[in-house]
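Q: Could you take me through a close look at one part of this structure, explaining slowly enough for a first-year student to follow?

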Amino acid sequence: MEDELCCAVCHDLYKDPVLLSCVHSFCRSCISQYWEKAVTASCPICRKETSSQDLRPNRTLSNIVELFVKTDEGDKIQLECSRHQEKLKVFCKTDNQTICVVCQTSKNHQNHEMLPVEEAAEELKEELRTSLKPVQDKKEECDNVKRDYEKTLNHIQDQSVKAEKQIKAEFVKLHRFLHEEERIVLEDLKLEKEKKSQEMKERIEKITGEISSLSVTVQDIEQELSEQDNIKFLTKFPDIQKRVKQTLPEPQKVYPLINVGKYIGSLQYRVRKKMLMVINTAPVTFDPNTAHPKLLLSEDLSTVRYTRKRQQLPDNPERFDPCVCVLGSEGFTSGKHSWKVDVGNKTQWDVGVAKESINRKRKITLTPDNGFWTMTLRKGDKYWAVEKSWKRLDLSVNPRKIRVCLDYEGGKVSFYNSDNKSHIYTFTGTFTEKLYPYFSPGITDGGKNPEPLKICPRTVTIQEDEGFISSSK
């Protein structure tokens with residue numbers, strides 16, 4: 001910047017700069033002295049001839065030089081005392097400023113704590129280093145949070161892609177089912193139309209023949225009526241009368257119409273009824289945002305299994321870690337609800353309900369006091385109702401499917417063997433916040449517990465006589 005603001009003649013900052021016709025600038029005194037020694041008045045840089053009459057003050061350049069000088073002076077560090085012109089060798093800690101030895105003995109700094117500038121600088125640097133550590137730690141914490149945010153963003157995008165794919169696949173199934181039902185109904189309608197149309201064509205063909213026969217009879221009768229010979233007419237009359245009676249059959253008015261009500265009436269009800277019987281729907285699904293990173297969920301969120309490999313998932317507050325658990329996607333604050341869990345031949349598992357406010361970032365104790373109402377299996381044949389003191393359950397049959405029933409207002413959580421409908425255990429209490437279905441498939445148990453937990457589809461019961469569909473969860 002300074003090089004650009006220097007005159008090409010004196011090589012110093014411009015003083016009263018003037019502009020030549022060739023647009024080069026010089027100090028007014030410099031160009032005047034240069035021309036006094038030169039043969040012709042020309043630009044020292046480009047040699048273009050000009051005259052003193054062409055000189056114009058360059059006010060813009062003058063203002064820039066003035067601003068540069070002020071800025072440069074402001075940036076210079078004061079090394080001397082402005083009052084005593086002595087070197088600044090002492091630092092007053094009380095006033096937090098550098099002073100000279102004369103200022104040190106003045107009344108203004110009497111009884112103040114003083115240090116040589118070298119010691120003061122080292123002391124304050126150490127203080128600044130100490131202050132820097134929390135800032136560095138905070139920055140590192142923010143960097144870690146940012147990385148987590150970026151991972152979460154990627155996970156959100158991945159969730160969206162997978163969910164969109166699954167949604168489209170489910171709707172493809174529904175569309176395929178509806179298109180097939182449409183094809184079947186239209187095919188049945190077409191067959192009935194062809195059958196009824198053929199029947200009517202046959203009737204039209206038959207009655208057309210009868211019309212032709214009657215037309216001939218009418219012509220014959222009209223011809224006899226024109227007979228002038230009465231004896232001849234009377235002779236033929238008995239035969240004609242008999243023929244008339246034989247050719248007057250009573251036409252059968254049969255109209256085999258299409259039963260439109262069979263196809264259109266209650267169409268949506270009949271298709272929905274069939275859809276519920278064909279399509280598996282689970283009353284509860286797992287919430288992937290709560291699943292421990294080592295739990296692998298199926299695409300339809302109805303199956304969960306433990307895997308040794310830890311997935312790269314956001315450490316969001318809803319997610320269980322370190323306990324290998326997962327919640328249902330829907331919570332309840334009222335009503336009666338039930339769902340069936342296929343536990344198969346697993347050697348350990350937990351099922352039940354849990355409060356929304358449970359702490360998911362530490363080891364948990366499955367008791368009602370901690371917000372859990374659960375039944376568990378351990379070591380393949382030891383069943384427990386997890387009260388404050390675990391209660392051993394003596395079951396004559398190892399259940400393969402457990403039905404969990406929640407009666408929110410009644411304050412009950414009950415467990416049943418779904419296979420033989422036998423009651424296993426019921427918790428009683430008072431519920432004051434949202435409750436979620438709770439599941440844990442357990443760990444591998446030395447390779448003996450590899451099976452997943454499965455939420456069984458809803459069982460649909462069709463009651464034709466009452467005209468409605470009921471479903472048991």
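A: What follows is a close look at two buried charged residues, Asp407 and Arg360, and then at helix 1. The model is a predicted one, and the description below should be read with that in mind.

Asp407 belongs to strand 15, which covers residues 401-407. This residue is buried and yet has no salt bridge, for the nearest side chain of opposite charge, that of Lys336, is 4.3 Å away, whereas a salt bridge calls for the nitrogen and the carboxyl oxygen to be within 4 Å. The side chain of Asp407 does, however, reach the backbone nitrogen of Gly410 at 3.0 Å. Once its neighbours within four places in sequence are left aside, Asp407 is in contact with Gly335, Lys336, Lys412 and Phe431.

Arg360 sits in the loop that runs between strand 11 (349-355) and strand 12 (372-378). Arg360 is also buried without a salt bridge, and Glu356, the nearest side chain of opposite charge, is 5.8 Å away. Its side chain reaches the backbone oxygen of Glu318 at 3.0 Å, and, apart from neighbours within four places in sequence, the contacts of Arg360 include Thr290, Pro317, Phe320 and Leu327.

Turning to helix 1, which spans residues 28-37, we find that Cys30, Ile31 and Trp35 are buried. Seen down the axis of the helix, the buried residues fall within an arc of 125°, so they line one face of helix 1. These buried residues pack against strand 1 (17-19) and strand 2 (25-27), while on the other side of helix 1 Glu36 and Lys37 are exposed.

Key: Residues numbered from 1 in each chain as written. Predicted model: local features only at pLDDT ≥ 70, side-chain atom pairs only at ≥ 80, totals over all residues. Heavy atoms only, no water. Helix = DSSP H or I, 4+ residues; strand = E, 2+ residues; numbered from the N terminus. Buried < 20%, exposed > 50% of the residue type's maximum accessible area, 1.4 Å probe, protein only. Lys, Arg positive; Asp, Glu negative; His and termini not counted. Polar contact = N/O pair within 3.5 Å; in protein donor to acceptor, adjacent residues only side chain to side chain. Contact = heavy atoms within 4.5 Å. Arc of directions from axis to C-beta.
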